[in-house]
Amino acid sequence: MADKLRLAVGIMEEFSCVPYIIALSNCLLYTWYGMPIVSNKWENFPLVTINGLGILFEFSFIIIYFWYTTSKRKASNTFQLGSLLSKLSVLLTFVTLHEIMVLQIKLAVTAISVIVAFSVTALISAYAFHDHHHRKVFVGSVGLFVSTAMYGSPLVVVKLVIKTKSVEFMPFYLSFFSFLASSFWLAYGLLGRDLFLASPNLVGCPLGILQLVLYCKYRKKGIIEEPMKWDPEKNDDKTKQLQPVDDDSTINGKP
């Protein structure tokens with residue numbers, strides 16, 4: 001059980017929640033950017049609708065991630081109290097509990113920091129500046145930085161794909177629609193002569209193309225697993241098949 005919990009923690013570490021939190025920050029900022037307080041009336045109404053929907057999605061992803069880690073923590077607690085098979089199992093369970101708690105704390109601190117940073121940005125833009133131009137410059141500059149970080153976060157996945165030669169952690173549809181979204185927002189920003197909308201997507205489009213090229217290159221490759229991550233229970237039969245045979249005993253007819 002402790003080995004399964006450790007595997008679950010490893011999977012949660014592979015699928016980091018940080019990109020979702022950065023995306024949430026991006027949606028919050030550009031929803032505020034499109035509001036009449038910052039923009040001139042409803043000139044950027046599509047920003048409000050699309051990024052408003054994005055806020056709901058990103059909050060859902062973060063809640064699911066947090067709920068998953070909490071359920072694993074409860075499962076490990078049940079195992080620890082109900083079946084103390086050995087001191088080693090108890091120790092492994094305790095270590096797993098600690099790792100899950102660390103993941104939860106990091107997630108909570110990062111999410112709260114993002115919400116606080118957005119609130120400060122919104123208050124400064126609303127009360128420190130008194131015209132739409134300066135508000136757009138301020139909020140757009142912050143949004144430009146966050147958007148660049150959001151589009152740069154897939155580089156971690158790209159590194160993993162190149163290392164493992166597998167696209168397991170980079171779904172095709174996610175890469176494809178990210179490229180489409182970047183392309184359309186780039187066109188929207190250029191047609192509207194809004195550099196704060198076009199500039200981040202100048203980074204997003206090439207990264208989207210890179211992900212699609214890597215997917216086409218490695219899509220037929222099998223998943224390469226590290227030996228240390230094999231499950232001993234599932235691979236027990238394979239291990240027995242790979243045991244060495246004693247030549248002398250075979251020659252003498254001994255089993």
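Me: Where is the place of Ser-39 in this predicted model?
Reply: Look along the chain for helix 2, at 18-34, and helix 3, at 45-82. Ser-39 is in neither of those helices but in the piece linking them. So the place to look, as the helix numbering shows, is the loop between helix 2 and helix 3.

Me: Is Ser-39 buried or exposed?
Reply: Buried means under 20% relative accessible area. Ser-39 comes out at 0% relative accessibility, so this residue counts as buried.

Me: Which side chain does the side chain of Ser-39 make a polar contact with?
Reply: Leaving aside its neighbours within four places in sequence, Ser-39 is in contact with several residues, among them Tyr-33, His-132 and Lys-136. For a polar contact, the N or O atoms have to be within 3.5 Å. One pair of side chains here sits at 3.1 Å, and the partner of Ser-39 in that pair is Asn-44.

Me: What about Thr-164: buried or exposed?
Reply: Thr-164 is found in helix 6, which covers residues 154-164. The cut-off for buried is under 20% relative accessible area. Thr-164 has 17%, so the word for this residue is buried.

Me: Which backbone oxygen does the side chain of Thr-164 reach?
Reply: The side chain of Thr-164 finds its partner at 2.8 Å. That partner is the backbone oxygen of Leu-160.

Me: Now helix 8: how many Å apart are its end C-alpha atoms, and what should the helix span?
Reply: Helix 8 runs over residues 195-218, which makes 24 residues. At 1.5 Å a residue, the helix should span 34 Å. That agrees with the model, because the end C-alpha atoms are 35 Å apart.

Me: Where does helix 8 bend?
Reply: There's a proline to look for in this helix, Pro-206. Pro-206 follows within four residues of the bend, which is about 25°. The bend itself is at Leu-202.

Me: Which residue caps the N-terminal end of helix 8?
Reply: Start from the backbone nitrogen of Phe-196. A side-chain oxygen lies 3.1 Å from that nitrogen, and the residue it belongs to is Asp-194.

Me: Stepping back, how many helices and strands does the protein chain have?
Reply: From the N terminus on, the elements run α-α-α-α-α-α-α-α-α-α. That comes to 10 helices and zero strands.

Me: And what percentage of the residues count as buried?
Reply: Helix 8 supplies some buried residues, including Leu-197, Gly-204 and Tyr-218. Taking the protein chain with its 255 residues, the buried share is 33%.

Key
Residues numbered from 1 in each chain as written. Predicted model: local features only at pLDDT ≥ 70, side-chain atom pairs only at ≥ 80, totals over all residues. Heavy atoms only, no water. Helix = DSSP H or I, 4+ residues; strand = E, 2+ residues; numbered from the N terminus. Buried < 20%, exposed > 50% of the residue type's maximum accessible area, 1.4 Å probe, protein only. Expected span 1.5 Å × (residues − 1). Bend = angle between axes of the 7 residues up to and from the residue. Polar contact = N/O pair within 3.5 Å; in protein donor to acceptor, adjacent residues only side chain to side chain. Contact = heavy atoms within 4.5 Å.
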